[in-house]
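Subject: Structure handover, aromatic contacts

Hello,

I am passing on the structure we talked about. Please open it alongside this message; my notes on the aromatic side chains follow.

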Amino acid sequence: KDELIELALANRPELEANKLNQETINQKLKLAKAQRIPNLSVSAGPDFVTGDTGSTGVFFIAQMQVPVFNRNHGEIEEAEAKQNQLILENKSMINKLKTQVEHAYLAYLFQRKILSRYEDEILDKTKDILDKSYKSFELGKSPILVSLKAQSDYMDIQLDYIQTLIDYQESISMLERAIGAELWLKNILLV
């Protein structure tokens, strides 16, 4: 069961999507924190003064915005809140996934037990009863109604067996959906 849960954690696309969303939010948070530091802009160049004196020189300009009111607090808090939300969603998805895998695995075990009971006991016994009722009728020891009832019961058991096979296959399918992969592709032996 633990192997199935690990496989589900590795294969489920919603967990991968959440992980990618967390990475995106982490990058947005880093950007918002970097943008709260003001950019310094520096310019330099020649300065020519025309006229009678005709002097030349050099000028330097340094410019910086002073973030008095906007230090990106809103963007940072929004990114942190989204980050916390994604972490909680991830924990919730993991718990839900574990529950789905456990439920599917228990359903599989239950259906396998029923199927083995049919194959190991019930089918052989009902066939034996049917054969004995035919022989009893042929020997004149029982009326035809006994044989017909045994045949009807045998057919009902066969139909129940077929339904059990369907339920068993559905439990395997449910388990495969829960882990996000086909069991035979992963070479998993379910015991």
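Which residues form one aromatic cluster? Tyr105, Tyr108 and Tyr168 do. Please keep in mind that this is a predicted model.

A search of the whole structure gives three aromatic pairs. In one of them, the ring centres of Tyr108 and Tyr168 are 5.7 Å apart and the planes are at 35 degrees; planes from 30 to 60 degrees apart count as tilted, so this pair is tilted. The pair links distant parts of the chain, 60 residues apart: Tyr108 belongs to helix α3 (residues 73-138) and Tyr168 to helix α4 (residues 144-179). Is each ring's residue buried or exposed? Tyr108 has a relative accessible area of 4% and Tyr168 one of 15%. Buried means under 20%, so both residues are buried.

Tyr118 and Tyr161 form another aromatic pair, also tilted, with 6.0 Å from centre to centre and 50 degrees between the planes. Tyr118 is in helix α3 and Tyr161 in helix α4, so this pair ties together parts of the chain that are 43 residues apart in sequence. Tyr118 and Tyr161 are both buried.

There is also a contact between a charge and a ring. The charged end of Lys127 sits over the ring of Tyr154, at 5.8 Å from the ring centre.

Regards

Conventions. Residues numbered from 1 in each chain as written. Predicted model: local features only at pLDDT ≥ 70, side-chain atom pairs only at ≥ 80, totals over all residues. Heavy atoms only, no water. Phe/Tyr/Trp six-rings, centres within 6.5 Å; stacked < 30°, edge-to-face > 60°. Helix = DSSP H or I, 4+ residues; strand = E, 2+ residues; numbered from the N terminus. Buried < 20%, exposed > 50% of the residue type's maximum accessible area, 1.4 Å probe, protein only. Lys NZ or Arg CZ within 6 Å of the ring centre and 35° of its normal.
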